[in-house]
Amino acid sequence: MEFKTVLTTCPYCGCGCGLLLEVLDGKLIGTLPSKTSPVNEGKLCVKGWTVHEFVTSPNRLTKPMVRKTETLEDASWNEALDLAAKRLKEIKEKYGPDSIGVLTSAKCTNEENYLLQKFTRAAIGTNNIDHCARL
Amino acid sequence: MSTKIKETVQALLAEGKIRGFLGLREESGQIMPHLFCDPKELDHLSLGDRGKPGDARYPLNQILIRLAIEYPEDTFAVLVRGCDERGLKELFKWKQLKEEKIILIGLGCPNELAKACECEKPFPDCLVDGPKGEKVDSQKVARVNGMDLDARLQFWKAEFDRCVKCLGCRNVCPMCFCKECTLEEANLVDTGEVPPANPTFHLVRALHMVGRCIDCGLCEEACPADIPLRTLYKKVADIVSEEFGYKTGFSVDEKSPFNIIEVK
C-alpha cells in the first residue's frame, strides 16, 4: 500500500500553478492545489482541478497519426516526421517561409519552446511563432 | 513539529495497530498529504503550519475515504484538528467511514488560528498535542445578520458575481462525498455561463451543506475569487442549530435532522 502526493506544475496555461497529484498504489486518483506554492496559494481553476482526468483518458493521442486517405491512421514516428518535413519544405519553396506559422505551447518547458522558436526562425526562416497561452 | 504526535504514531505503527498514518509531509518547504507506513518517514512529519499556524491544511478525511474504499479491512490513523474530528463524526454517521477502523490523532489549534477561523471548538476530543482553546464567536456572521434582508441579498449577489465556477469549494470539501453533484446537473443549475446562476448556484451548495458543513474553511481558502463561503455556511449552521437544535459534528450518536432514515 502506498499513498503519496506528488508536487508538480499545472500543464494547462503559462501561470504555472503548483498542484499535488494524489497517487494511490501507482494510480492517479485526484488533484489538489498546493497550499505552499507561491503562485496559486492553494487555489486552482476548473482546468487545474481536473488535470488527473486527461492523463488516463482513452481519447488521448499516444502515437503519431497521418491522414493517408480521408481518415487519420496510425503511423510510425519516422513516417510522420518524414511527411511533415517533406510538406513543410514543399510549402516553403512554393509560397515562401512566411507562409508557415508555428504554434508552441505553455505546456512545454522553456527549453522546448526555445528549440521550437529556433527551428521556426533558423530552419524555416520566419518570425511567425506564437504560443497557446495567448488565449 | 510535535514530538508527542510523532511518538504516538511511531508506537501505533510499531505495534502493528495501524496500516498507515494519514498526515502531512514536509520536504524543501513544501507541505503535502502523505500516508506514513514506515516510522522512518516520520522525520518529515508536518502539522500543516508553514508561515502561520494551519496555513497548509488539506482535506485528509477526503483522502481517508478513498483509502477506506480501497482497503476496507485495514485500520488507519489520521491527523485531526477540531474541525476534522467533527467531520469524521458526521462521516461515521453518513456511513462513509467505519469508526472502528479509524484512530484519531488530535491536534489543538493555537488562539491565532482559532480567531482567524472564528472556530466554535478549536480542539478535538482526542487531543494528543496542542492547546485546548476557547470558542470564538463569529463577527463575520454578526455583520451579515446586521444587514436588512435586501442589503443582505445584494451583498451575497455581489460576492457570488465573482465566481469563476472552478468548483474548488466542492472539490476540496471533505464532506462532499456524493457520486453525482447537483452543481453539475444541467436541469437544476444552468451550465455554460460564468458567473454561474446567481444566487442559485451558491445557494444550492449552501443548502447541501446543511448538517454536513463542519466549518473547516477549506472551501474559502480554495476560492480564487475570495468569496466568503465560510460565513455563508456558518450562517447555514446557525439556522440548523436554532431551528432544529442540531450542531453538525458535535456528537456521534445524534442524527442529523436531514439524515433520519436508517441506512443499513
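How many other C-beta atoms lie within 10 Å of Lys165(B)? There are 18 of them, and since a buried residue needs 20 or more, Lys165(B) is partly exposed. Please keep in mind while reading that this is a predicted model.

## Lys165(B) and Glu118(B): two positive phi values

Let's stay with Lys165(B) for a moment. You will find Lys165(B) in the loop between H6 and H7 of chain B. Its phi is near 50 degrees, a positive value in a residue other than glycine.

Glu118(B) is another residue to look at here. Its phi is near 50 degrees, and this too is a positive value in a residue other than glycine. Glu118(B) sits in the loop between helix H4 (111-117) and strand E6 (127-129) of chain B. Is Glu118(B) buried or exposed? Glu118(B) counts as buried because it has 20 C-beta neighbours inside 10 Å.

## Cis prolines between H7 and H8

The loop between H7 and H8 of chain B holds Pro195(B), and Pro199(B) is found in the loop between H7 and H8 of chain B as well. The peptide bond that leads from Val194(B) into Pro195(B) is cis, with omega near -5 degrees. The bond from Asn198(B) to Pro199(B) is also cis, with omega near 10 degrees.

Which residues does Pro195(B) touch, leaving out those up to four places away in sequence? They are Phe160(B), Asp161(B), Arg162(B), Cys163(B) and Lys165(B), so the residue we started with turns up again. Pro195(B) has 17 C-beta neighbours inside 10 Å and therefore counts as partly exposed. If you would like a distance to check in your viewer, the C-alpha atoms of Pro195(B) and Lys234(B) are separated by 23 Å, with these positions 39 residues apart along the chain.

## Helix H6 of chain B

Helix H6 of chain B covers residues 149-160. Its 12 residues, at 1.5 Å a residue, should span 16 Å, and the end C-alpha atoms are indeed 16 Å apart, so the two values agree.

Now look at which residues point where. Trp156(B), Glu159(B) and Phe160(B) are buried in H6(B). Viewed down the helix axis, the buried residues fall within an arc of 95 degrees, which means that they line one face of H6(B). Those buried residues pack against helix H8 (200-208) of chain B. On the other side of H6(B), the exposed residues are Asp150(B), Ala151(B), Gln154(B) and Ala158(B).

## Nonpolar cores

The largest nonpolar core has 67 residues. Leu22(B), Leu64(B), Phe76(B), Val78(B), Leu79(B) and Cys219(B) touch the most other members. Helix H10 (residues 229-244) of chain B provides the largest share of this core, six residues.

Phe76(B) is a good residue to click on. Setting aside neighbours within four places in sequence, its contacts are Ile18(B), Arg19(B), Gly20(B), Leu22(B), Leu64(B), Leu67(B), Lys101(B) and Ile102(B). There is also a second, separate core of six residues, and its members include Cys109(B), Leu113(B), Cys117(B) and Phe123(B).

## Domains

Chain B is assigned domain 1 (3-129) and domain 2 (139-244). Their C-alpha centres lie 26 Å apart. Where the two meet, domain 1 of chain B contributes 15 residues and domain 2 of chain B contributes 12 residues. On the domain 1 side, H2 and helix H3 (82-93) of chain B are the elements that give two or more residues, and H3(B) has the largest share with five residues. By class, this side of domain 1 of chain B has five nonpolar, four polar and six charged residues.

For chain A, the assignment gives domain 1 (3-55), domain 2 (61-95) and domain 3 (96-135). The C-alpha centres of domain 1 and domain 3 of chain A are 27 Å apart.

## Where the chains meet

Finally, the contact between the chains takes 29 residues from chain B and 20 residues from chain A. On the chain B side, two or more residues come from each of strand E2 (30-36), helix H2 (60-70), helix H7 (168-171) and helix H9 (218-222). E2(B) gives the most, with six residues. The chain B side of this contact divides into 16 nonpolar, six polar and seven charged residues.

Conventions. Residues are numbered from 1 along each chain as its sequence is written. Chains are lettered from A and ligands numbered from 1 in the order in which they are written. This is a predicted model: local features need pLDDT of at least 70, side-chain atom pairs count only at pLDDT 80 or more; totals for chains, interfaces and linings use all residues. Two residues are in contact if their C-beta atoms, placed from the backbone, lie within 7 Å. Helices (H or I, at least four residues) and strands (E, at least two) are DSSP runs, numbered from the N terminus. Ala, Val, Leu, Ile, Met, Phe, Trp, Tyr, Cys and Pro count as nonpolar, Asp, Glu, Lys and Arg as charged, and the others, Gly among them, as polar. A nonpolar core is a set of buried Ala, Val, Leu, Ile, Met, Phe, Trp, Tyr and Cys residues joined through C-beta atoms within 7 Å. A residue is buried if 20 or more other C-beta atoms lie within 10 Å of its own, exposed if 12 or fewer, and partly exposed in between; C-beta atoms are placed from the backbone. Domain bounds come from an automatic or database domain assignment. The expected span of a helix is 1.5 Å times one less than its number of residues. The arc is that of the directions from the helix axis to the C-beta atoms.
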